Amino acid sequence: MEKIIVRGGQRLNGTVKVEGAKNAVLPVIAASLLASEGKSVINEVPTLSDVYTINEVLRYLNAEVSFENNQIVVNASRELKTEAPFEYVRKMRASVLVMGSLLARNGHAKIALPGGCAIGSRPIDQHLKGFEAMGAKVKVGNGYIDAKVDGRLKGAKVYLDFPSVGATENIMMAATLAEGITVLENVAKEPEIVDLANFLNGMGAKVRGAGTGTIRIEGVPKLYGTQHNIIPDRIEAGTFMVAAAITGGNVLVRGAVPEHLSSLIAKMEEMGVEFVEENDGLRVIGPENLKAIDIKTMPHPGFPTDMQSQMMALLLRAKGTSMITETVFENRFMHVEEFRRMNGNIKIEGRSVIINGPTELQGAEVSATDLRAAAALVLSGLVADGYTRVTELKHLDRGYVNFHDKLAALGADIERVTEVVDSESNEEININM
Ligand SMILES: CC(=O)N[C@H]1[C@@H](OP(=O)(O)OP(=O)(O)OC[C@H]2O[C@@H](n3ccc(=O)[nH]c3=O)[C@H](O)[C@@H]2O)O[C@H](CO)[C@@H](O)[C@@H]1O
Ligand SMILES: C=C(OP(=O)(O)O)C(=O)O
């Protein structure tokens, strides 16, 4: 079994470089299917398991995909298949993002229903509402969603009930090749939406308003491959910001874009963390004592749900009573049980948790319940007394490249090992990774 073993007590110092954003590259790769002529060249691509998974989805759909030196080249000019089976969607929910592209290109898309996951039920009704408004007939049955349209999709006005990131992206992609104008209202404003719009416009699409609450897309008959550089990962950057703060360290997070991180910076400043903007990134200086604060997760530019568990690790170390309210996902508190194993004093009340700190965290054997929880447990381990062993690292590998190596380079006492049980002595043996 693979584990990260971390011994608490080291202040982090030095420089860490942020990778390209997972949540930007996945929709961009899905969008590359829209190019019926020319190759798409995507740079700054992180070597994450989710990226390998979506590449496999594209290959299954008959696109050619190469991935070397953080660069992906996609040639989607051949005729594409229409179906993304369960084996891919089960591994990674973001596989549903190929639906908009396939429907726009082929007039037909059949995708396995993604189902729930560790952070909530995560329906895709808003995606489907958009496709239907554009003239698609959508049927759900036998574990699949089947969407079909006669001829081209038609531009439409779509109001989202909630500014869903995935629905905004999927409908945006579908609308690029529709006949006429699509106006999307109450859309997500995340930086990843802007990155996707820039990529689509590079392909020849006419997308305006990304980053605001209304996006207007004038459909074009054809899209072409283009070159694109993925934006830096604000959640990876934020995770290292917390790593610096929790250890009372001094770390330059290279590539962090302060404008993408304003809510996190504001809340960490309230806790007493100091920030200095430098030419190539953001310097984070952790204080001796952290102050308790309240946080509510919201769609961008509100506080990101993907930083909620890492902030829980930080608030456990703050003096006083803090409250975190999760409004984006209905069940994103699975990590609370694991923090309790480390001596965390946390109460769950409905969609909020109450944290009483500062906690003297104790090293323990803990299990990652989702991607960000994995990172958060490692962050707690950086300041816990003794050894913390974090398992279920498949979650971590979806969203962090060489997490333990990057922390070790900053001075953390951390290693990743594969433990096998010796058949004769029945003892666990560590094999370093
Ligand atoms: C690959 C990717 O980019 N993932 C991010 C994306 O996920 P994702 O795009 O799945 O998240 P959404 O913004 O769609 O979901 C937000 C909320 O809306 C609900 N909802 C969504 C769609 C829908 O049709 N109906 C519906 O009810 C969801 O159940 C959830 O409660 O945005 C989330 C919110 O910032 C982040 O946590 C994820 O890291
Ligand atoms: C929840 C996340 O991702 P996904 O939507 O891919 O599950 C995340 O990045 O924290």
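The exercises below, each with a worked solution, concern a predicted model.

**Exercise 1.** State where C117 lies, which residues it is in contact with outside its neighbours within four places in sequence, and what UniProt lists for it.

Solution.
- Begin with the record: an unreviewed UniProt entry lists C117 under "active site". For C117 the unreviewed entry also lists "modified residue: 2-(S-cysteinyl)pyruvic acid O-phosphothioketal".
- Next, place the residue: C117 sits in the loop that runs between β8 (108-112) and α5 (125-133).
- Then take its accessibility. The relative accessible area of C117 is 31%; buried requires under 20% and exposed over 50%, so C117 is partly exposed.
- Finally, list the contacts: with neighbours within four places in sequence left aside, C117 touches R93 and R122.

**Exercise 2.** Determine how helices α6 and α7 are oriented to each other, and which residues make the contact.

Solution.
- The helices are α6, residues 165-176, and α7, residues 191-202; their axes come within 10 Å and cross at roughly 10°.
- Angles under 35 degrees count as roughly parallel, and α6 and α7 are therefore roughly parallel to each other.
- From α6 the contact uses V165, T168, E169, M172, M173 and T176, and from α7 it uses E192, I193, L196, A197 and L200.
- By class, the residues of this contact are 7 nonpolar, 2 polar and 2 charged.
- A general point bears on the spacing of such residues: an α-helix has 3.6 residues a turn, so residues three or four places apart point the same way.

**Exercise 3.** Compare the span of α2 with the expected one, and name its buried residues.

Solution.
- Helix α2 covers residues 49-60, 12 residues in total. From first C-alpha to last it reaches 17 Å, close to the 16 Å expected at 1.5 Å a residue.
- The buried residues of α2 are D50, V51, T53, I54, N55, V57 and L58.
- After α2 comes N62, with a positive phi near 90°.

**Exercise 4.** For E44 and N69, give phi and decide whether each is buried, partly exposed or exposed.

Solution.
- E44, in the loop between β4 (39-43) and α2, has a positive phi near 60° and is not a glycine. Its relative accessibility is 40%, so E44 counts as partly exposed.
- N69, in the loop between β5 (64-68) and β6 (71-75), is also not a glycine and has a positive phi of about 50°. Its relative accessibility is 73%, so N69 counts as exposed.

**Exercise 5.** Locate P301 and P358, and describe the peptide bond that leads to each.

Solution.
- The bond from H300 to P301 is cis, with omega near 10°; P301 lies in the loop between β21 (294-296) and α10 (308-315).
- The bond from G357 to P358 is cis, with omega near 0°; P358 lies in the loop between β24 (352-357) and β25 (365-367).

Notes
Residues numbered from 1 in each chain as written. Chains lettered and ligands numbered in written order. Predicted model: local features only at pLDDT ≥ 70, side-chain atom pairs only at ≥ 80, totals over all residues. Heavy atoms only, no water. UniProt positions renumbered as here; feature names shortened; annotations may be inferred. Helix = DSSP H or I, 4+ residues; strand = E, 2+ residues; numbered from the N terminus. Buried < 20%, exposed > 50% of the residue type's maximum accessible area, 1.4 Å probe, protein only. Contact = heavy atoms within 4.5 Å. Axes fitted to C-alpha atoms, helices over the stretch in contact; angles between N-to-C directions. Parallel < 35°, antiparallel > 145°, perpendicular 65-115°, else oblique. Nonpolar A, V, L, I, M, F, W, Y, C, P; charged D, E, K, R; others polar. Expected span 1.5 Å × (residues − 1).
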